[in-house]
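Got your viewer open and a hand on the mouse? Let's take a walk through this structure, one selection at a time.

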Amino acid sequence: MISVLIADDHPVVRQGLSVLLSVQGDIAVAGEGRGRRAGGRAHRRARPPTCLLLDLKLPVLDGVGVLRELRERGCRSRSLVLTSAADQALVALAMQAGAAGFLYKDVDPDALVRAVRAVHDGHTLLAPEAAGLLVTGGRAAVTGIGALTRASARCWPLLADGRSNKEIARLLRISEKTVKAHVISVLAKLGAADRTQAAVMAVRHAGR
């Protein structure tokens with residue numbers, strides 16, 4: 001069962017999200033709140049929710065601040081940002097602070113439910129508009145792609161799919177140590193700061 005904690009400043013939005021998620025057979029709403037307290041409850045629970053659905057426009061401490069605080073406290077809940085904030089810099093800040101996904105509030109309800117499930121399953125998920133903002137230097141990335149070895153190139157799409165090193169090792173029938181070396185190579189040759197940016201590059205490359 002996927003348990004979701006909702007953090008949003010608007011009661012109507014919280015109620016709508018709660019109703020949408022509650023009718024799903026595999027999702028339970030663990031609670032809701034309007035800001036930092038909701039994030040704090042995620043950390044303090046004996047059994048933290050598996051997913052935190054988080055707006056960025058929150059009182060006292062904004063969503064990025066909540067993400068950073070949760071990461072510092074070692075909270076295991078995976079966070080999916082759902083916001084109307086148009087500030088481009090917030091996309092990178094949220095992902096760097098530990099968000100596992102970033103969507104805008106005009107997302108289709110069914111797509112949002114699928115996103116919650118994907119984030120719960122360990123995937124990284126970005127709205128197309130947000131993904132475009134994270135990737136710079138597209139030509140350099142293409143050059144880096146050409147420099148990937150065949151083995152590293154096999155790891156890249158699995159990494160982009162949100163797979164852990166252990167999962168990639170199992171799927172490719174190689175050791176985790178070898179996978180780690182390939183992941184380091186992929187990030188270096190693509191010029192990606194982290195696995196999330198490498199995943200975004202994979203999405204853009206597939207769409208060429």
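This tour goes from the whole chain to the sheet, then the cores, a helix and some charged pairs.

**Stop 1: the whole chain**

Start with everything shown as a cartoon, and keep in mind that this is a predicted model. The protein chain has 11 helices and six strands. Of its 208 residues, 46% count as buried. Switch on the surface and you are looking at about 10900 Å² of accessible area, with 52% of it belonging to carbon and sulfur atoms. The chain also brings far-off stretches together: among contacts with a separation of 6 or more, 66% are between residues 24 or more positions apart.

**Stop 2: the sheet**

Now hide the helices and colour the strands. In what order do the six strands of the open sheet lie? Reading across, you get β2-β1-β3-β4-β5-β6, with parallel pairing. The edges are β2 and β6 (125-126), each of which pairs on one side only.

Zoom in on β1 and β2. These two run parallel and are joined by six bridges. To see how they line up, select Ser-3, which stands opposite Ala-28 in β2. Then pick Ala-7, whose bridge partner in β2 is Gly-33.

Bring back helix α1. Together, β1, α1 and β2 make a right-handed β-α-β unit. A handy residue to click here is Ser-18, which lies in helix α1. Ser-18 has a relative accessibility of 16%, so it counts as buried. Setting aside neighbours within four places in sequence, Ser-18 is in contact with Ile-6, Val-29 and Glu-32.

**Stop 3: the nonpolar cores**

Next, show side chains. The largest nonpolar core has 41 residues, and those with the most contacts inside it are Val-4, Leu-21, Leu-53, Leu-80, Phe-102, Leu-112 and Val-116. Many elements chip in: β1 (2-7), α1 (11-22), β3 (51-54), α3 (63-72), β4 (78-83), α4 (89-96), β5 (101-104) and α5 (109-120) each give two or more residues.

Which residues does Leu-53 touch, not counting residues up to four places away in sequence? Select Leu-53 and look around it: you'll find Val-4, Leu-5, Ile-6, Ala-7, Leu-17, Leu-21, Leu-80, Leu-82 and Leu-112.

Apart from the largest core lies another one, of 19 residues, including Leu-159, Ala-169, Leu-172 and Ala-199.

**Stop 4: helix α3**

Select residues 63-72, which make up α3. Is this helix largely enclosed or largely open? Seven of its 10 residues are buried, so α3 is largely enclosed by the rest of the structure. The buried ones are Gly-63, Val-64, Gly-65, Val-66, Leu-67, Glu-69 and Leu-70.

Glu-69 deserves a click of its own. With 15% relative accessibility it counts as buried, and its side chain meets that of Arg-73 in a salt bridge (3.7 Å, N to O). Arg-73, at 36%, counts as partly exposed. Just after α3, look for Gly-74, which takes a positive phi of about 75°.

**Stop 5: more charged pairs**

Side chains of opposite charge can pair when their charged atoms come close. How many salt bridges does a search of the whole structure find? It finds five.

Go to Asp-55 and Lys-105, which form a salt bridge with their closest N and O atoms 3.2 Å apart. Asp-55 sits in the loop between β3 and α3, and Lys-105 in the loop between β5 and α5, so the pair ties together parts that are 50 residues apart in sequence. Asp-55 is buried, with a relative accessible area of 2%, whereas Lys-105 counts as partly exposed at 29%. Add Asp-8 to your selection: Asp-8, Asp-55 and Lys-105 are linked in a network of salt bridges.

For the last click, pick Asp-26 and Arg-117, whose side chains meet in a salt bridge (2.9 Å, N to O). This pair links distant parts of the chain, 91 residues apart: Asp-26 is in the loop between α1 and β2 (27-33), while Arg-117 is in helix α5. Asp-26 counts as partly exposed at 28% relative accessibility, and Arg-117 counts as partly exposed at 28% too.

Technical notes. Residues numbered from 1 in each chain as written. Predicted model: local features only at pLDDT ≥ 70, side-chain atom pairs only at ≥ 80, totals over all residues. Heavy atoms only, no water. Core = buried A, V, L, I, M, F, W, Y, C linked by side-chain atoms within 4.5 Å. Buried < 20%, exposed > 50% of the residue type's maximum accessible area, 1.4 Å probe, protein only. Helix = DSSP H or I, 4+ residues; strand = E, 2+ residues; numbered from the N terminus. Contact = heavy atoms within 4.5 Å. Salt bridge = Lys/Arg side-chain N within 4 Å of Asp/Glu carboxyl O. Pairing = 2+ DSSP bridges. Right-handed = clockwise from strand over helix to strand, strands pointing away. Areas by Shrake-Rupley, 256 points an atom, 1.4 Å probe, with all protein chains shown as cover.
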